[in-house]
Amino acid sequence: MSVLGRYRQQPRENLKRIIDYKAWLESSEEIEGVTAEVTPVTDTPLVVDPILIDSGGKKFAYWTSGGEDGITYTIEFSVTTQTQTREDEVEIEVEEVNNNG
């Protein structure tokens, strides 16, 4: 398992990110499914939805929103193809930024 990225976002943001597996997949292989598990579970959860696989089958996009200020979440993605399963992580730090100036 690899940590593919670490990001920061505010609780009210809904942000899209893309993970590209072209270098990992065989030329004829395509992503067939992606699931996401978020930890820790909090009263105001970090939501990963939707997850969309690119039409070429080599990458997927996901959107994150919500979460509680001051919490760092780990998203564990499980990616399946015709012959392989891979698990990778992304970390999201939720931080409310107040611009009272």
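Tutor: A residue is called buried when its relative accessible area is under 20%, exposed when that area is over 50%, and partly exposed in between, with a 1.4 Å probe and protein chains only. By this standard, buried residues make up 37% of the 101 residues in the chain. The model is predicted, so local features need pLDDT of at least 70 and side-chain atom pairs count only at pLDDT 80 or more, while totals for chains, interfaces and linings use all residues. Residues are numbered from 1 along each chain as its sequence is written, and side-chain values use heavy atoms, with hydrogens and water left out.

Student: Why is Gly67 called buried or exposed, and where does Gly67 sit?

Tutor: Gly67 lies in the loop between strand 5 and strand 6. Its relative accessible area is 6%, and because the limit for buried is under 20%, Gly67 counts as buried. Apart from its neighbours within four places in sequence, Gly67 is in contact (heavy atoms within 4.5 Å) with Pro11, Thr44, Pro45, Leu46, Tyr73 and Val94.

Student: What makes Gln82 fall into its accessibility class?

Tutor: Gln82, which is found in the loop between strand 6 and strand 7 (85-94), has a relative accessibility of 43%. Because that value is neither under 20% nor over 50%, Gln82 is classed as partly exposed. Its contacts, leaving aside neighbours within four places in sequence, are Ser28, Glu29, Glu30 and Glu32.

Student: How many helices and strands does the chain have, and what makes a stretch count as one of them?

Tutor: Both are DSSP runs numbered from the N terminus, a helix being H or I over at least four residues and a strand being E over at least two. The chain has 0 helices and 7 strands, and therefore its elements, read from the N terminus on, are β-β-β-β-β-β-β.

Student: How do you know that strand 2 and strand 5 pair, and in which sense?

Tutor: Two strands pair if DSSP finds at least two bridges between them. Strand 2 and strand 5 (residues 59-66) have 7 bridges in the antiparallel sense, so they count as a pair. One of the bridges links Leu15 to its partner Thr64 in strand 5. Strand 4 and strand 5 also pair in the antiparallel sense, over 6 bridges, with Val47 opposite Ser65.

Student: Why are strand 2 and strand 4 called edge strands?

Tutor: The open, antiparallel sheet to which they belong has 3 strands in the order 2-5-4. Strand 2 (14-20) and strand 4 each pair on one side only. Neighbouring strands in this sheet are turned by 25° against each other on average, direction ignored; the axes are lines fitted to C-alpha atoms (for helices over the stretch in contact), and angles run from 0 to 180 degrees between N-to-C directions.

Student: What is the strand order in the sheet that contains strand 3, and how do its strands pair?

Tutor: That open sheet has 4 strands in the order 1-7-6-3, with mixed pairing. Strand 1 (2-9) and strand 3 are the edge strands, each pairing on one side only, and the twist averages 20° from one strand to the next. Strand 3 and strand 6 (residues 72-81) pair in the antiparallel sense over 8 bridges, and the bridge partner of Val34 in strand 6 is Val79.

Student: Which peptide bonds before Pro40 and Pro50 are cis or trans, and how do you know?

Tutor: The bond from Thr39 to Pro40 is cis, with omega near -5°, and a cis bond also joins Asp49 and Pro50, with omega about 0°. Most peptide bonds are trans. Pro40 lies in the loop between strand 3 (31-39) and strand 4 (46-53), whereas Pro50 is found in strand 4.

Student: Which side chains count as positive and which as negative, and how many of each are there?

Tutor: Lys and Arg count as positive and Asp and Glu as negative, while His and the chain ends are not counted. The chain has 9 positive and 20 negative side chains. The centres of the two sets lie 8 Å apart, each charge being placed at NZ of Lys, CZ of Arg, CG of Asp or CD of Glu.
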